[in-house]
Amino acid sequence: MMKRQGILFTLGLMLVLGGVPALAQVQHPRVFITAEEAAAIREQADRYPLLRNTLAQVQAEMEEVLAKPIEIPPPGEAGGYEHERHKQNYREMFEAGLLYQITGDERYARFVRDMLMGYAAMYPELGPHPRSERQIPGKLFHQLLNECVWLVHTILAYDAIYNWLSEADRAHIEASVFRPMASWIMNEGAYEFNRIHNHGTWSVAAVGMTGYVIGKPDWVEKALYGSNKDGKGGFYAQLDQLFSPDGYYMEGPYYARYALWPFFFFAEAIERYEPERGIYAYRDSILKKALYATVQTAFPDGVFPPVNDASLTMDIRAPGVVLATDVVFARYGGDPALLGVAHEQGQVVLNGAGLAVAKAYVEAPEVPRMTWPSVEFTDGADGQRGGIGFLRTGVGRDQTVVLMKYGVHGLGHGHFDKLHFMLYDNGRQVIRDYGFARFINVEPKYGGRYLPENDSYAMQTIAHNTVVVDETSQNRLISTKPKLCRACGTFSTAGAALYRP
């Protein structure tokens with residue numbers, strides 16, 4: 001009986017998510033949502049509070065947006081008004097595209113078209129961002145990463161209104177925005193595009209998803225296998241090298257919540273366009289493991305611990321984790337434990353996966369509290385580079401947790417906090433860490449850079465919960481004259497250390 005129910009559950013999700021041959025012929029929208037999924041959400045949203053509340057919130061936000069004129073400013077400094085406006089624009093286009101599909105209200109489609117036409121008028125005239133601050137620049141943003149995030153969300157909006165647009169509008173938008181932006185990412189941004197890093201993940205997701213939507217299969221191949229299509233870069237290399245066999249993300253939980261976003265956006269596009277690739281089964285279902293490893297590293301209140309370059313500002317309600325939770329639930333058989341995560345998140349994504357979670361949440365005999373057992377995750381692509389361990393007792397938010405870090409450094413976001421621990425009890429950190437030192441009371445964001453302390457004092461072992469002998473750091477540095485640490489108000493030789501060649 002259970003096996004039969006499992007088969008029926010899987011078939012039902014395939015119908016909702018567009019994974020059967022009859023729906024596979026639908027071209028637009030397809031990369032994130034199909035017309036069938038949108039219709040199902042429209043018809044069923046009122047039955048399921050998680051879905052109904054999410055939809056109502058997005059609609060309320062967009063009503064405020066539609067009441068104001070569209071604004072597309074010239075590129076500006078990192079963290080400044082123009083920077084944040086371009087970020088808000090892609091969020092609004094993404095939401096408007098989904099709402100057009102779900103409601104059929106043409107105001108949303110017109111909003112996306114008018115916004116894209118504005119960018120089409122500006123983007124061809126732009127050169128490299130003038131304030132890149134030693135980073136690989138985009139054109140709209142000071143760093144290419146932001147350009148890629150913009151493209152990922154905007155191509156989803158474009159796909160959602162594709163059939164509503166005139167052929168002339170599509171040709172103009174693609175020629176003036178999507179093709180040159182993807183070319184910039186692949187060519188001028190080739191280093192980032194082939195980099196094994198969350199920047200690289202966003203790059204390949206942006207290009208690959210754009211390739212699917214506008215019909216450029218060569219871009220998809222490059223996104224999957226790297227610029228030279230040799231597998232040294234690209235999406236599969238990211239899956240192979242950024243996660244341990246247990247799914248632990250080597251930059252740490254704080255960055256996992258961000259990296260999961262492009263991983264699952266692109267994986268959904270691959271599965272919807274080319275299910276024969278079996279992306280969700282790849283590397284022993286590494287994407288499934290990645291989601292579980294991420295949510296199981298959170299504190300009982302859902303906040304991600306500040307290991308490596310991190311702060312206590314991000315939790316499981318981050319958009320990438322909500323997306324991954326819903327997709328894993330829908331694609332891997334509907335684990336009831338994930339309903340406890342969805343309860344803490346209080347929202348779902350607006351596609352078939354979100355509908356599946358919202359429906360199961362209402363129909364479950366009991367929604368469990370988000371409770372995980374003690375667990376150890378290996379670190380490093382081969383699982384042989386240490387790990388991170390969690391000792392837990394209790395239920396839900398009442399759990400007591402000890403975190404122990406003994407894994408890899410964490411790439412460019414790594415700190416020398418290896419062999420340290422944190423204790424969470426009674427709803428707070430008792431033995432705590434502060435993670436990074438950056439972007440605090442800085443005008444604005446110090447040009448997009450880290451504060452000097454993050455590359456000096458904060459990176460040192462002495463700044464973390466690791467036993468230190470004679471102020472010696474784990475990175476085998478040689479110290480120069482003492483230097484004032486603005487973060488702690490004291491002088492430290494560790495704060496003035498230089499890398500040994």
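User: Between which two helices is the loop in which Pro-29 lies?
Analyst: The model is predicted, and Pro-29 is placed in it within a loop rather than inside a named helix. The elements on either side of that loop are helix 2 (21-24) and helix 3 (35-44).

User: What is omega near for the peptide bond from His-28 to Pro-29?
Analyst: Most peptide bonds are trans. The bond that leads from His-28 into Pro-29 is instead cis, and Pro-29 belongs to the loop between helix 2 and helix 3. For this bond, omega is near -10 degrees.

User: Is Lys-229 buried, exposed or partly exposed, and with what relative accessible area?
Analyst: Lys-229 is found in the loop between helix 11 (217-225) and helix 12 (235-241), and although it is not a glycine, its phi is positive, at about 55 degrees. Buried requires a relative accessible area under 20% and exposed one over 50%. Lys-229 therefore counts as partly exposed, its relative accessible area being 40%.

User: What is the relative accessible area of Asn-308?
Analyst: Asn-308 is a residue other than glycine with a positive phi of about 55 degrees, and its place is the loop between helix 14 (282-295) and helix 15 (319-331). Most residues other than glycine have a negative phi. Asn-308 is buried, because its relative accessible area is 2%.

User: Which side chain of opposite charge is nearest to Glu-95?
Analyst: Glu-95 sits in helix 5, which spans residues 81-103, and when residues up to four places away in sequence are not counted, Glu-95 touches Val-58, Glu-61 and Met-62. Glu-95 is buried and yet has no salt bridge. A salt bridge would need a separation within 4 Å, whereas 7.6 Å separates Glu-95 from the nearest side chain of opposite charge, that of Arg-91.

User: At what relative accessibility does Glu-174 count as buried?
Analyst: Glu-174 is part of helix 8 (residues 167-186), and, with neighbours within four places in sequence left aside, its contacts are Tyr-158, Tyr-162, Arg-179, Pro-180 and Ile-214. The cut-off for buried is under 20%. Glu-174 falls on the buried side because its relative accessibility is 9%.

User: How far from the ring centre of Tyr-162 does Arg-170 lie?
Analyst: Tyr-162 is one of the residues in contact with Glu-174. Arg-170 lies over the face of the Tyr-162 ring, and its distance from the ring centre is 4.4 Å.

User: Why is the pair of Trp-202 and Trp-261 stacked, tilted or edge-to-face?
Analyst: The whole structure holds 19 aromatic pairs. In the one formed by Trp-202 and Trp-261, the ring centres are 5.3 Å apart and the planes stand at 80 degrees. This pair links distant parts of the chain, helix 10 (residues 198-214) and helix 13 (residues 253-273), and both of its residues are buried. Planes over 60 degrees apart meet the cut-off, so the pair is edge-to-face.

User: At what angle are the ring planes of Tyr-212 and Tyr-273?
Analyst: Tyr-212 is in helix 10 and Tyr-273 in helix 13, 61 residues apart. Tyr-212 counts as buried at 9% relative accessibility, and Tyr-273 does so at 14%. The ring centres are 4.6 Å apart, and the pair is stacked because its planes are at 15 degrees.

User: Which residue in strand 2 is the bridge partner of Phe-377?
Analyst: Along strand 1 (residues 375-378) the side chains alternate, with Val-375 and Phe-377 buried on one face, while Glu-376 and Thr-378 point to the other and are not buried. Strand 1 pairs with strand 2 (residues 387-393) in the antiparallel sense over four bridges. Among the residues of strand 2, Thr-378 stands opposite Gly-387, and the partner of Phe-377 is Ile-388.

User: Which residue in strand 3 stands opposite Ile-388?
Analyst: Strand 2 is mostly covered, since five of its seven residues are buried. Strand 2 also runs antiparallel to strand 3 (residues 400-406), joined to it by seven bridges. In strand 3, the residue opposite Ile-388 is Lys-405.

Conventions: Residues numbered from 1 in each chain as written. Predicted model: local features only at pLDDT ≥ 70, side-chain atom pairs only at ≥ 80, totals over all residues. Heavy atoms only, no water. Buried < 20%, exposed > 50% of the residue type's maximum accessible area, 1.4 Å probe, protein only. Lys, Arg positive; Asp, Glu negative; His and termini not counted. Contact = heavy atoms within 4.5 Å. Pairing = 2+ DSSP bridges. Phe/Tyr/Trp six-rings, centres within 6.5 Å; stacked < 30°, edge-to-face > 60°. Lys NZ or Arg CZ within 6 Å of the ring centre and 35° of its normal.
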